[in-house]
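Q: Could you show me how to read strand burial, strand pairing and helix packing in a model of this kind?

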Amino acid sequence: MVHYKELGLVNTKDLFRKAMEGGYAIPAYNFNNLEQLQAIIMACSETRSPVILQISKGARKYANQTMLVHMARGAVEMAASISKPAIPVVLHLDHGDSYDLCVSCVETGFSSVMIDGSHLPYEENVALTRKVVDFAHRHDVSVEGELGVLAGIEEHVKAAESLYTKPEEVVDFVSRTGVDSLAISIGTSHGAYKFPPGVEQPPLRFDILAAVEKKLPGFPIVLHGASSVIPEYVEMINAHGGSLKGARGVPEDQLRRAATSAVCKVNIDSDGRLAMTAVIRRKLAEDPKNFDPRNYLGPARDELVKLMKHKNEKVLGSAGKA
Ligand SMILES: [Zn+2]
């Protein structure tokens, strides 16, 4: 057993309380390799933003669970070497799909886990989430639950259609499970194709968010699938051999508005994937003789830093809050 405090990590409790009071949201950036992790720590240290490092089940398998824990330890030490005091860092399991996976993460140094039972019948979601909370809280680890289903595809996460969160369920769910935060469905979705062609600027359902806030005053809400699918990256990918036609995300002004509400955590993965892929494609096309990965992964990392600083400063409002 490695407890997260041994790695220098923190849970989400204080971070969410301050985010709620301050009207901003903490960025949750996914990583599965060195360059992504370096970029997250550099961008968040330079903007003095607290950060949630997110690892999906797929990423844990990809990077190796032993390696990942040491990467997280390295990330905390890197942050301490860049700025003092070091920014707070959370290590979070994204979309945990079983009790055993959540237990394994708690025992290997995660300070926060998500148990996603949103695809289950309501009572089964409550029971599974409660079981994870009972275990995680014994180790002071935060738990995120989910109500409502998000459309789109993010690795193993698949849903045919978006089923909005029902505000009338949230009080019962939160009180019976004991979760520390709740992911809700208000129209965001996973991946780079969030809205079908022809749908003009689909708005997030702020009415649902407001109804949830009214039912659960001061309770931290989480938004998944909150990339904006930045057009310049999509264009750069398509201009260098890629084919992402009709990719679209959530407009940044809507995310900015959400971040000032009870939304305390915003998950951003697709924008980082697009930024890296765009720069790698361009660098390889521009320099066909190059075969040193540093010459395309380095610029991709620099672009990620730029992207995340922009998110922290202009979209989530988390810059300067560490
Ligand atoms: Zn998600």
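A: Let us begin with burial, keeping in mind that this is a predicted model. A residue counts as buried when 20 or more other C-beta atoms lie within 10 Å of its own, and in strand S1 (residues 26-30) 5 of the 5 residues are buried, so the strand is largely enclosed by the rest of the structure.

Q: Which residues of S1 lie on one side, and which on the other?
A: Ile26, Ala28 and Asn30 lie on one side, while Pro27 and Tyr29 lie on the other, and since each of these residues is buried, both faces of the strand are covered.

Q: Which strands are joined to S1 by bridges?
A: Strand S11 (residues 263-268) runs parallel to S1 and is joined to it by 4 bridges, with Pro27 standing opposite Val266 of S11. Strand S2 (residues 51-56) also runs parallel to S1, with 3 bridges between them, and there Asn30 has Gln54 as its bridge partner. Between S1 and S2 the chain passes through helix H2 (residues 34-46), forming a β-α-β crossover that is right-handed.

Q: How do I read the crossing of helices H11 and H12, and is it left-handed or right-handed?
A: One looks at axis separation, angle and handedness together: the axes of H11 (residues 270-286) and H12 (residues 294-316) come within 8 Å and cross at roughly 145 degrees, and the crossing is right-handed. The contact involves, among others, Ala275, Met276, Val279 and Ile280 of H11, together with residues of H12 including Tyr296, Pro299, Ala300 and Leu304.

Q: How many residues of that contact are nonpolar, polar and charged?
A: The contact of H11 with H12 comprises 10 nonpolar, 2 polar and 3 charged residues.

Technical notes:
Residues numbered from 1 in each chain as written. Predicted model: local features only at pLDDT ≥ 70, side-chain atom pairs only at ≥ 80, totals over all residues. Axes fitted to C-alpha atoms, helices over the stretch in contact; angles between N-to-C directions. Helix = DSSP H or I, 4+ residues; strand = E, 2+ residues; numbered from the N terminus. Left-handed = near helix turned anticlockwise from the far one by under 90°. Contact = placed C-beta atoms within 7 Å. Nonpolar A, V, L, I, M, F, W, Y, C, P; charged D, E, K, R; others polar. Buried ≥ 20, exposed ≤ 12 C-beta atoms within 10 Å, placed from the backbone. Pairing = 2+ DSSP bridges. Right-handed = clockwise from strand over helix to strand, strands pointing away.
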